[in-house]
Amino acid sequence: MTRTREVRLAAKGRLEIVETVLEAPGPEQVLVRNRMIGLRAAMGLLLTGGAPGMPAYQEGKALWGPAVGEVVAGELPPGTLVAHPLGWREHAVLDTARVRVLPAGVDPVLGLAQAELAHAALTTAGLSAGETVFVSSAAGSIGSVVGTLARRLGSGRVVGSASAGKLSWLTGQAGFDAAFDRTETDLVAALHHAAPEGVDVYLDLTGGAQTRAVIEVANPGARIMAIGTLDSHRNQVEIDLATLIAKRITLRGFTPRDHPAALKRAEREIGAWSRQGLLTVPHTAFHGLEQTGAALAGLLDGAHTGTVVVKL
């Protein structure tokens, strides 16, 4: 048995750290000591009732989310670095089918950054050389890697939106050519200014008013990959279907599990670029299980940039 600690949802939405004991792993299972856990903005929805396809966290039970750790015992060799979905705890017992073995020497942050998702979305959209890519929520876990990934995949211009305080970070450190404030009153004008030749591929992490603006600015034949809905639950807008049709714009819901070949390519190319020093993962790091609550609160308040991780 292994003594460990985990973060559970307590009454009235509070988070508490609880000591517990894990049984030894059974057949085709592994015991993993987590080295790093990843936090996501979507966790705010899980704390307040969940969302379609994302069941809410349950009071009295441990939270869950992405993590990277080392195998301690079980079906895989000790020391094997794996990614898995049982974060928010120091140790986890999982079926081997639920873990993904990471290449030796890989940066653990890369295993949490959702870079493969962004890469797969861009290639599934059919990004061609010289095209303009726009991503909303560009300073977050997915969006922040698009500045580099889109360029590696041939984009001629990469544009992002974020809160005003993060715009210089996007263009100065995250590889974006231009960025604008997501709260602009005239989003169409802001996007026109940032992407004067129009938008060809949009990675939509928010929905809402930015999606409507993209349809106005998009070039004929543009592709919109709908990935997230951070704004949709509080900012419902109508889609201009006539313009969508006239411009022959493709609006497509995207989940990576539907595109295994694209994910395999993403894993292969991202691993190679990382080893060659051609890809860095923007991130904000905290230390210790005790910091998870504060780290998540800051993430939900928009205080952090890149992938938010807690090192254990």
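Buried here means under 20% relative accessible area. Keep that cut-off in mind for this predicted model.

**Stop 1: helix 3.** Select residues 143–152. Helix 3 is mostly covered, with 7 of its 10 residues buried. Colour G143, S144, V145, V146, G147, L149 and A150 to see the buried set. Then step just past the end of helix 3 to G154, where phi is positive, at about 110°.

**Stop 2: helix 2 against helix 3.** Add residues 115–124, which form helix 2. The two axes come within 10 Å and cross at roughly 45°. Angles of 35 to 65 degrees fall outside the parallel and perpendicular classes, so helix 2 counts as oblique to helix 3. The crossing is right-handed. Which residues meet here? From helix 2, show A115, A118, H119 and L122. From helix 3, show V145, V146, L149 and A150. This contact has 7 nonpolar residues, 1 polar and no charged. V145, V146, L149 and A150 also belong to the buried set of helix 3.

**Stop 3: helix 9.** Move to residues 292–300. Pick out T292, A295, L296, G298 and L299, which are buried. Now look down the helix axis. The buried residues fall within an arc of 160°, so they line one face of helix 9.

What does that buried set pack against? Show strand 1 (2–9), strand 3 (29–39), strand 14 (283–287) and strand 15 (307–311). Add helix 1 (43–47), which is also packed against by the buried residues of helix 9.

**Last stop: G302.** This glycine comes just after helix 9. G302 takes a positive phi of about 80°.

Definitions and conventions: Residues numbered from 1 in each chain as written. Predicted model: local features only at pLDDT ≥ 70, side-chain atom pairs only at ≥ 80, totals over all residues. Heavy atoms only, no water. Buried < 20%, exposed > 50% of the residue type's maximum accessible area, 1.4 Å probe, protein only. Helix = DSSP H or I, 4+ residues; strand = E, 2+ residues; numbered from the N terminus. Arc of directions from axis to C-beta. Contact = heavy atoms within 4.5 Å. Axes fitted to C-alpha atoms, helices over the stretch in contact; angles between N-to-C directions. Parallel < 35°, antiparallel > 145°, perpendicular 65-115°, else oblique. Left-handed = near helix turned anticlockwise from the far one by under 90°. Nonpolar A, V, L, I, M, F, W, Y, C, P; charged D, E, K, R; others polar.
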